[in-house]
Amino acid sequence: MRILLLTHAFNSLTQRLAAELRQRGHLVSVEFDISDAVTEEAAALFAPDLIVAPYLRRAIPASVWQRFVCLIVHPGVVGDRGPSALDWAILQQRSEWGVTVLQAETEMDAGPVWASARFAMRDASKASLYRHEVTQAATAAVLQAVANFSAGNFVPQRPSGSQWQPLVKQADRAIDWQADSSATVLRKVRSADGFPGVADTLFGQPCHVFDAWPEASLRGTPGKVIARRETALLRATVDGAVWLGHVKRPGSIKLPATLAFADEAASVAHANLPDWWRAPAPTWQDIAYEEADGVGYLAFEFYNGAMATHQCERLRDALAWAKQRPTRVLVLLGGHDFWSNGIHLNMIEAASLSGGSAADESWRNINAMNDLALELITTDQQITVAALGGNTGAGGCFLARAADQVWVREGVMLNPHYKNMGNLYGSEYWSYLLPRRVGADAAQAIMRNRQPLTAQGALQLGLTDACLSRDVTVFRAELTAMAAGLAAAPDLPARLTAKIEARARDEAAKPLAAYRNEEMAHMHRNFYGFDSSYHVARHHFVQKSPASWTPRHLALHRELGWVQP
Ligand code: COA
């Protein structure tokens, strides 16, 4: 079938659906929801059999849903209606929730149901639930709905009852620091994370807060900021305290809390952890190390997978320390939602907002990423594994490829290319790491085509080494067993020797420094050259500017020479 994905953005759910539908032989094109006229034009050009809307912020025009069957993905159970489905599910402490695929009609979310799927809720942010449970349920439900549609004889049913839930207002999740328990504060912040955040105050200044984490032991006067650790601030509640990792101040962008309130945070007491070992009780810890069965596990839970200069430097320190441990395998776990999304575009933008140079901060950040990648490539006492349980984009993909093995959870999306960010050339030794895995032609195609890859797709290309189970718990169990097996393998010393010899051969043929210099010459032009595309693209990405057109590589129907089938 010809399926048009009509969406606000090519977000990870839309990417996943496009890939899954293509894998099943459908011709998929994408159009961003920019205006009714543009949607009408896209439908007329592509003449789809079906329109699927994975992520919309506005209603589909009647002129389109009256002519084409339009299926809306609603992140709520059958009968649930309204724009804040997942926010309410968290606030109302639902134990189970779901996704419904329903047909667009005049009334919002009231159309007949083509498919639905349910999932168990988890104590996590809205964005985290969206990236895992919702994406999985939505994928299953959309594939079922498409199968139902193509069967021809399926009659979608209207729900027997429905409940309209209004937009969640800030008053619905306002925090009362003199009354709310830590659990309540966590729930309120998580219901609004990544967007719009909870409207609150810090140091008497208005802001929106995000990225809340529990704290097991530190205590203080309710409402007071009682400690800081790296980028996070700890605020006391009536029964404990909650870490706040990110903040958006009026007129600014979402930033690490200690940067957004740099002056105020300067006088807050530090509560640093003593070392890299995972703390025994819940607390805020962005880099955490554990060991079992001869395997070291290094987790880095960076918000949105973005890695700023200082985070790269600290992770490199942690990696260098972990390499000295008496282990045989070293697994880099990344974070729960993202493994890594490369350099920290918000922090770079912030440098320019505060009168500094975004180019200089970009340069520092990519150098710190490269130093980290180099530390990983040059590991000679352990076999290294990048275990991708969450999505990975741009430089994050090549940082992962710097490990000897890349194992990916089924369901994860990879975006191993840079060009979407204003034609960025990219570094992280990709020009060394990518062609030796997939060949020169495939490497060029991956970079040029800018398409997301599924875990299976990446494996087929040879970009990764294994695809593990989709379920996060099963994935972790498989990963642990595989890593322990690798550590115990009798041929491990021989594998290490072979790796060291291969690296020496590669270095003799062309030193890593040469790859880095070549890449960085391009990056220098991207950051400091006359073409400001990267700076413009980054600004729009960080400011979340609405798209004004759909990129050609997504909208097949807008390609030159497109002929309606
Ligand atoms: N720096 C800062 N923030 C980043 C980021 C980065 N490198 N990558 C993603 N984010 C943020 C987004 O702004 C968004 O923020 P929010 O919490 O305010 O919503 C959040 O992470 C989730 O991103 P989103 O685009 O919604 O996630 P996705 O899973 O749908 O898409 C990517 C993933 C990787 C395709 C997309 O985020 C992307 O293109 N990121 C930029 C990658 C990049 O160009 N890095 C720099 C070059 S190395």
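How do the residues lining the second largest cavity divide into nonpolar, polar and charged? They split into eight nonpolar, one polar and one charged. The model is predicted. Searching the whole structure turns up five cavities of 30 Å³ or more. Two of them are described below.

**Largest cavity**

- The volume of the largest cavity is about 60 Å³.
- Its lining includes S12 and L13, which fall within α1 (12–23).
- R131, H132 and T135 also line the largest cavity.
- Helix α5 (126–151) joins α1 as an element giving two or more residues to this lining.
- The biggest contribution is from α5, with three residues.
- The remaining lining residues are D337, G390, N391, R409, G411, V412 and M413.
- By class, the lining of the largest cavity holds three nonpolar, six polar and three charged residues.
- Domain 1 (2–167) and domain 3 (287–531) each supply at least three residues to the lining of the largest cavity.

**Second largest cavity**

- The second largest cavity has a volume of about 50 Å³.
- Helix α12 (residues 395–401) provides the largest share of its lining, four residues.
- C397, F398, A400 and R401 are among the lining residues of the second largest cavity.
- L388, V406, L414, P416, L463 and T464 complete that lining.

**Lining character**

- Six polar residues line the largest cavity, while the lining of the second largest cavity has one.
- Three charged residues line the largest cavity, and one lines the second largest.
- The nonpolar counts are three for the largest cavity and eight for the second largest.

Definitions and conventions: Residues are numbered from 1 along each chain as its sequence is written. This is a predicted model: local features need pLDDT of at least 70, side-chain atom pairs count only at pLDDT 80 or more; totals for chains, interfaces and linings use all residues. Side-chain values use heavy atoms; hydrogens and water are left out. On a 1 Å grid over the protein atoms alone, a cavity is a set of points where a 1.4 Å probe fits but cannot get out, and a pocket is an open set with protein on both sides within 12 Å along at least five of seven lines; lining residues have an atom within 4 Å of a point. Grid points are joined across faces, edges and corners, and a volume is the space filled by probe spheres set on the points. Ala, Val, Leu, Ile, Met, Phe, Trp, Tyr, Cys and Pro count as nonpolar, Asp, Glu, Lys and Arg as charged, and the others, Gly among them, as polar. Domain bounds come from an automatic or database domain assignment.
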